[in-house]
Amino acid sequence: MASPTPMLTPTARMLLRNVIYKDSNIIAINKWPGLVTQGQKGGSILLRQKSLQVLGRRGGELPRLVHRLDKPTSGVLIFGRTKAAAMKISNLFADRQVHKDYLAVVAGQPKDSMGIIESWVNPRKPVGSSGRHTADHHVTLLHSAEELAAGRASFLQDAVEHGRGREGLTRMVSSFRVLGRSQTAGLGAAVILMEPITGVTHQLRIQAAYALHTPILGDITHGAFTAAGGVSNWVRQQLMVAHPDVLTGKKKATNRDKLKVPLMLHAYRVTLPGMGEDGTDVVITAPLPSSMTRLCKQLNIDL
């Protein structure tokens, strides 16, 4: 008599349903908003052994997470299927050889179409506090995809050679390119492709809000609902049906409130150099969440 099939946890079922890439070394899922990828108060949802078992073992080993995404961010999340594979991928991330492309829907219209953002922030201040994000922000304007690639390579080499510290501040560098602007009258919004060259907590969220002055929609921490000349009441209503007091700033947002506001930031594509079974690059793309595609359609932004 065959042994009964073990009952899967809800997280395990979602993990299995969201697998988007798998080979002998790598497995990747399309992370959904709200899933925890690292330990925090109350424990980690994703890293529980029972949930990871559904992704399968290789040589008796469970998959190992090699990077993280913020809880409200969706998109490509990568595991090494063995200890050796996980170490190799982790080294690629540490050496900044991994290309990570994010899509963000932002409140307002960026003044420029593409460029490199260099910022210096105070790492000792809590994320979202006034002292953390008011340090220097400098945007280098570029005019073509070739210039953007060259600028990225230059800043990456500089980051590798000189690190990211200056006078007690932390350096953040990202590239950006506007992919589409709202064509609906009165709805100031745009879709931006962003690539972090350095890796700092909330890096893209901080730079979208305070360097480009177009905070990511759904980002209460960094002011998407209070940006001057920002998004219209119609878009606000699409993003937050409940908790109007949070929207108007009369009440501080709680963690529960934030879960009900979809952050329009998606890890769209990750490129792992040389990690293919034949030595080629592995490019993993995650379909956009329905909340983002629906909002872009409502804004008449073609992706």
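## A tour from the inside out

Start by selecting His67, Leu69, Val76, Lys100, Asp101, Tyr102, Ala267, Arg269 and Val270: together they line the second largest cavity. Before going on, keep in mind that this is a predicted model. The space you are looking at has a volume of about 30 Å³. Colour its lining by class and you get 5 nonpolar, 1 polar and 3 charged residues. Two strands to highlight here are strand 5 and strand 11 (265-272), as each supplies at least two of the lining residues.

**Next stop: the largest cavity**

Now pick Pro33, Ser74, Pro262, Leu263, Met264, Leu265, Pro289, Ser291 and Met292, which surround the largest cavity. About 40 Å³ of space lies in there. The class colouring gives 7 nonpolar and 2 polar residues, with no charged ones. That finishes the cavities, since the count of those with 30 Å³ or more comes to 2.

**Out to a pocket**

Move on to the second largest pocket, with a volume of about 540 Å³. To find it, centre the view on Arg68, Lys100, Tyr102, Gly199 and Val200, the closest to its centre of the 24 residues that line it. You have already met Lys100 and Tyr102 in the lining of the second largest cavity. Show the cartoon and look for helix 3 (83-94), strand 5 (99-107), helix 5 (145-162) and helix 6: these elements each give two or more residues to the pocket lining. Which element gives the largest share of that lining? Helix 6 does, with 3 residues. By class, the pocket lining has 11 nonpolar, 7 polar and 6 charged residues.

**Stay with helix 6**

Select residues 203-210 and add a surface for everything else. Helix 6 is largely enclosed by the rest of the structure, because 7 of its 8 residues are buried. If you want to click through the buried ones, they are Gln203, Leu204, Arg205, Ile206, Gln207, Ala208 and Ala209.

**Into the nonpolar cores**

Hide the surface and go for Ile29, Leu55, Val105 and Ile216. These have the most contacts inside the largest nonpolar core, a set of 43 residues. Zoom in on Ile29 and show what is around it. Leaving aside neighbours within four places in sequence, Ile29 is in contact with Leu15, Asn18, Val19, Ile20, Leu35, Leu55, Gly75, Val76, Leu77 and Phe79. Val76 should look familiar from the lining of the second largest cavity. Apart from the largest core lies another one, of 16 residues, with Ile26, Phe93, Val270 and Leu272 among them. Here, too, Val270 is a repeat from the second largest cavity.

**A glycine in a loop**

Now jump to Gly188, in the loop between strand 9 (169-181) and strand 10 (189-196). Is Gly188 buried or exposed? Gly188 counts as buried, because its relative accessibility is 16%, below the 20% limit. Draw a distance line from its C-alpha atom to that of Gly108: they are separated by 4.5 Å, although the two residues are 80 apart along the chain.

**Zoom out**

Finish with the full view. The chain has 10 helices and 12 strands, and 49% of its 303 residues count as buried. Among contacts with a separation of 6 or more, 65% come from residues 24 or more positions apart. Switch the surface back on and you see about 14900 Å² exposed, of which carbon and sulfur atoms supply 51%.

Notes:
Residues are numbered from 1 along each chain as its sequence is written. This is a predicted model: local features need pLDDT of at least 70, side-chain atom pairs count only at pLDDT 80 or more; totals for chains, interfaces and linings use all residues. Side-chain values use heavy atoms; hydrogens and water are left out. Buried means under 20% relative accessible area, exposed over 50%, partly exposed in between (1.4 Å probe, protein chains only). Helices (H or I, at least four residues) and strands (E, at least two) are DSSP runs, numbered from the N terminus. A nonpolar core is a set of buried Ala, Val, Leu, Ile, Met, Phe, Trp, Tyr and Cys residues joined through side-chain atoms within 4.5 Å. Contact means heavy atoms within 4.5 Å. Accessible areas come from the Shrake-Rupley method with a 1.4 Å probe; for residues, only the protein chains shown count as cover. On a 1 Å grid over the protein atoms alone, a cavity is a set of points where a 1.4 Å probe fits but cannot get out, and a pocket is an open set with protein on both sides within 12 Å along at least five of seven lines; lining residues have an atom within 4 Å of a point. Grid points are joined across faces, edges and corners, and a volume is the space filled by probe spheres set on the points. Ala, Val, Leu, Ile, Met, Phe, Trp, Tyr, Cys and Pro count as nonpolar, Asp, Glu, Lys and Arg as charged, and the others, Gly among them, as polar.
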